[in-house]
Amino acid sequence: MWSGIDSENRAHLSRWIGEADLIVVAWGGSLTKEIAQKISLAKHISALREITSGRLYCIGHTQTKERHPFHPSRVPYTKEPILWQPER
């Protein structure tokens, strides 16, 4: 089973993020709490926020408490990215 963001993954992400103009998260709103727990989603988001200084964007999000970022297949191509702020 995938263990998540280890030091090697973190190094790759840091390099790629350093070269990127914008980091867009987009896993979709159909993610269940059970799956999110199984893959340690909160831990991975925390690691990404640390690497990106908290500047993660999305192209829209669900209106639920979790505010999951939409998957690109669910929004028009013309949709502009916005700052993603989960669980307000």
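A residue counts as partly exposed when its relative accessible area lies between the buried range, under 20%, and the exposed range, over 50%. Valine 24 fits that middle class, because its relative accessible area is 39%. The model shown here is predicted.

Start with valine 24 itself. Valine 24 sits in the loop between α1 and α2. Leucine 56 is 32 residues away along the chain, yet the two C-alpha atoms are separated by 5.9 Å. Setting aside residues up to four places away in sequence, valine 24 touches Tyr57 and Cys58.

That leads to tyrosine 57. Tyrosine 57 belongs to strand β1, residues 57–58. Tyrosine 57 is buried, with a relative accessible area of 16%. Its contacts, without neighbours within four places in sequence, fall in two stretches of numbering. Leu22, Ile23, Val24 and Val25 are among them. So are Pro81, Ile82, Leu83 and Trp84. Glutamate 80 is 23 residues from tyrosine 57 in sequence. In space, their C-alpha atoms are 9.8 Å apart.

Now return to the loop between α1 and α2, where tryptophan 27 is also placed. Tryptophan 27 is partly exposed, with a relative accessible area of 26%. Not counting residues up to four places away in sequence, tryptophan 27 touches Leu41, Ile45, His68, Pro69, His71 and Trp84. Arginine 15 is twelve residues from tryptophan 27 in sequence, and their C-alpha atoms are 22 Å apart.

Next comes helix α3, residues 41–52. How far should the twelve residues of α3 span? At 1.5 Å a residue, the expected span is 16 Å, and the end C-alpha atoms are 16 Å apart, so the two values agree. The expected figure is 1.5 Å times one less than the number of residues.

Which residues of α3 are buried? They are Leu41, His44, Ile45, Ala47, Leu48, Ile51 and Thr52. These residues cover an arc of only 160 degrees around the axis, which means they lie on the same side of α3. The buried residues of α3 pack against α1 (7–19) and α2. The face turned away from that buried side carries Ala42, Lys43 and Glu50, which are exposed.

Look at one of the buried residues, threonine 52, which lies in helix α3. Threonine 52 has a relative accessible area of 9%, so it is buried. Apart from neighbours within four places in sequence, threonine 52 is in contact with Ile17 and Ile23. Just after α3, serine 53 takes a positive phi of about 60 degrees.

Last, consider the empty space. Rolling a probe the size of a water molecule over the atoms shows where such space is left. The largest pocket has a volume of about 330 Å³. Its lining is made of 16 residues. Ala36, Leu41, Glu66, His68 and Glu87 lie nearest the centre of the pocket. By type, the lining divides into eight nonpolar, three polar and five charged residues.

Which helix gives the largest share of this lining? Helix α3 does, with four residues. Helix α2 (33–38) also supplies at least two residues. Leu41 ties several of these threads together. Leu41 is buried in α3. Leu41 is touched by tryptophan 27. Leu41 is also one of the lining residues nearest the centre of the largest pocket. His68 is another of those residues, and tryptophan 27 touches His68 as well.

Note on methods. Residues numbered from 1 in each chain as written. Predicted model: local features only at pLDDT ≥ 70, side-chain atom pairs only at ≥ 80, totals over all residues. Heavy atoms only, no water. 1 Å grid on protein atoms, 1.4 Å probe; cavity = no way out; pocket = protein on both sides within 12 Å on 5 of 7 lines; lining within 4 Å. Points joined across faces, edges and corners; volume = space filled by probe spheres on them. Nonpolar A, V, L, I, M, F, W, Y, C, P; charged D, E, K, R; others polar. Buried < 20%, exposed > 50% of the residue type's maximum accessible area, 1.4 Å probe, protein only. Arc of directions from axis to C-beta. Contact = heavy atoms within 4.5 Å.
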